[in-house]
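Thank you all for coming. I would like to walk through one model this morning, beginning with a pair of helices, going on to the ligand and the two sheets, and ending with a few single residues.

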Amino acid sequence: MDSLPAETLNINWLWVLAYLIGPGLLLVEFYRYFTDPLRNVPGPFIAKLTAAWMLYIDLSGQRSNTIHNLHKKYGPIVRVSPSEVCFASPAALMEIYGAHSKYPKAAVYDCLGFKSTFTTRNRDEYRVMKKRIIPSFSPAAVAEIEPTVHRQLALLIKCFDKRLNDPLDVLPWFRMLALGVVGQSFVDDSFGGLQKEELPDLLNHIDEVFPVLWVKWMFPLTTTILQYVPLNSIQKFLDSPARFKKYCGSAYETYLASHDPVEHHDLIARMVTEKRSLERSNESIPRHLTDTGIVEELTNLVFAGTDTTSNTLAYLFWELSHQPEWQFRLREEVQQAVGLERESFSYSEISELPVLDAVIMEILRLRPAGPAGLLRLAPEGGAVIDGVAIPAYTTISCQALTSQRDPTIFSDPDRFDPQRWIDGKKHGTADRMRDQLLVFGKGTRTCLGRRIAIMELKSTLAVLTRRYNFEVGSLTTDDDMEMTDHFVLIPKGGRCLLRLTKA
Ligand code: HEM
């Protein structure tokens, strides 16, 4: 008898394997599905099966929009991956982020590549670190930063004055302003953007940090393997957090070479003085007081304070470009407060102005710089949130984009309407609206830099609306300004084309 061709034998073996493995995999999936404690939480079917779906959405910058739409479809509790559930009720917001929250930050913060107060998840370690940096955010410290804001604003005005009447992409200019303020304030280096009228390289590296972070978080094993793949593009991609850190490292070295920390009281001086004192008494130095630890803290501060503030400013002036009546109201209010003839004024003269305050509150509500969820973990033993039992170590969150557009609290929630804050104060509803805000986080992990951010936003708004009219600079601007996010809000087109004229 003729023997069978080899391919036929191979095909038979493949069929045997398929018959064995196929049903085996199906059985495993069935078992997982029916024993899955979260199987009744609504959400897309694919999200229950694999985290890859959410990674794809994260990498395409659509996390907050997608989850916002899922809440509209499925309600206030949505499952977005096998181990992640998102909430959208005021009660869940207080439970997860309120002052007595028992939910630590999720593992994603470990992947950022910088160990800092912001990324530290262990509560005891966090308390010690926060105590060390908190004096840099006190009202007195913020007052010391004010002249830096005005110096950077004076440079910005010079740059804008040269570029009047034509379409101008304001985004890079606001990025240079914000970087100049935090850089000068925390690492004593503005990185020279507005002086040289050129985007510092550091800002290109910030853009690359978040995609690396998501891949590391979702696929830690793959990332470890990728580290050994000898391809330039992969190594360059993975190395971006380190490249970003290098800039703050060299600013730190310059600081040490030119300052005696004993004679200063800024953050670097305080940390270095504490480190040296431990060295003198032969005590062990905690990691966050080593040179690497200090640089990582500084890097994270520069990171936390740059694109958050600048992107808020870009969205602010874009919204105002559509509503010139608010530009007139702002200009009138500021002129009345500081007079016509004075070029400069202090923050205390404008900080409480009602129209200015309402406009800033509204942009923080409508275009939160971190629109997506602030990820937390269910504690050991699990938790019950909004009546749903959540197993231990499930990733949970609420997101600013959804809580800040809750139609039961904000009428016509997708509209930029500063009047709602002015009316809210009159009618006693402003506190309820404020409770819904997650733009600066909440509770013990709330943004430490929020006073600096508000001072910078209000000062910039007052100075620029007094001097310029803002109009949309191109027909494509509205499309460019669609919201995307890689943790920080980024306009889809990566630019914001406006037209400035003298007021
Ligand atoms: C519009 C501007 C800003 C927004 C919307 C913003 C938003 C936030 C949010 C949402 C968090 C909490 C993150 C979480 O819980 O995971 C946070 C934390 C933080 N932010 Fe900001 N931020 C802004 C500006 C700044 C500035 C200018 C600084 C100062 C350099 C800063 C420093 C920090 C720090 C140190 C933390 C960590 C707080 C902690 O964990 O104790 N932020 N920020």
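Let me begin with helix H7, residues 139–161, and helix H22, residues 450–467, whose axes come within 10 Å and cross at roughly 35°. The axes here are lines fitted to C-alpha atoms, for helices over the stretch in contact, and angles run from 0 to 180 degrees between N-to-C directions. Helices (H or I, at least four residues) and strands (E, at least two) are DSSP runs, numbered from the N terminus.

Before I go further, please keep in mind that this is a predicted model, in which local features need pLDDT of at least 70 and side-chain atom pairs count only at pLDDT 80 or more, while totals for chains, interfaces and linings use all residues. Residues are numbered from 1 along each chain as its sequence is written.

To return to the helix pair, the crossing of H7 and H22 is right-handed, a crossing being right-handed if the near helix is turned clockwise from the far one by less than a right angle, and left-handed if anticlockwise. On the H7 side the contact is made by Pro139, Val142, Ile145, Glu146, Val149, Leu153 and Ile157, and on the H22 side by Arg451, Ile452, Met455, Glu456, Ser459, Thr460, Val463 and Arg467; two residues are in contact if their C-beta atoms, placed from the backbone, lie within 7 Å. By class, the residues of this contact divide into 9 nonpolar, 2 polar and 4 charged, where Ala, Val, Leu, Ile, Met, Phe, Trp, Tyr, Cys and Pro count as nonpolar, Asp, Glu, Lys and Arg as charged, and the others, Gly among them, as polar.

Now, which residues come nearest to the ligand? Of the 22 residues around the ligand, these are Gly305, Thr308, Gly441, Cys447 and Gly449, and a residue is near a molecule or strand if its C-beta atom, placed from the backbone, lies within 6 Å of it. Helix H15, residues 291–322, and H22 are the elements that give two or more residues to this shell, with H15 giving the most, 6 residues. The shell as a whole has 12 nonpolar, 8 polar and 2 charged residues.

Let me turn to the sheets. An open sheet with mixed pairing is formed by 4 strands in the order E1-E2-E7-E4, and two strands pair if DSSP finds at least two bridges between them. Its edge strands are E1 and strand E4, residues 376–377, each of which pairs on one side only. Helix H4, residues 63–74, packs on this sheet, touching E1 and E2, and its direction makes about 135° with that of E1.

Strand E1, residues 77–81, runs antiparallel to E2, and 4 bridges join them, with a hairpin of 2 residues as the connection. On its other pairing, E2 runs parallel to strand E7, residues 395–398, again through 4 bridges. Glutamate 84 of E2 therefore deserves a look from both sides, since serine 81 stands opposite glutamate 84 and glutamate 84 also stands opposite threonine 395 in E7. In E2, residues 84–87, Glu84 and Cys86 point one way and Val85 and Phe87 the other way, and all are buried, that is, 20 or more other C-beta atoms lie within 10 Å of their own, whereas 12 or fewer would make a residue exposed and a count in between partly exposed, with C-beta atoms placed from the backbone. In a regular strand the side chains alternate between the two faces of the sheet. At the far end of the order, E4 and E7 pair in the antiparallel sense over 2 bridges, and arginine 376 has isoleucine 396 of E7 as its bridge partner.

The second sheet is also open, with 3 strands in the order E3-E11-E8 and antiparallel pairing. Strand E3, residues 167–169, and strand E8, residues 468–472, each have a single partner strand, so one side of each is left without a neighbour in the sheet. Neighbouring strands of this sheet are turned by 45° against each other on average, direction ignored. E8 pairs with strand E11, residues 497–502, over 5 bridges, and valine 472 has leucine 498 in E11 as its bridge partner.

I will finish with single residues. Aspartate 188 is not a glycine, yet has a positive phi of about 55°; its place is the loop between helix H8, residues 171–187, and helix H9, residues 193–196, and aspartate 188 is partly exposed, with 18 other C-beta atoms within 10 Å. Asparagine 282 likewise has a positive phi, near 55°, and sits in the loop between helix H14, residues 267–280, and H15, where asparagine 282 counts as exposed with 6 C-beta neighbours inside 10 Å.
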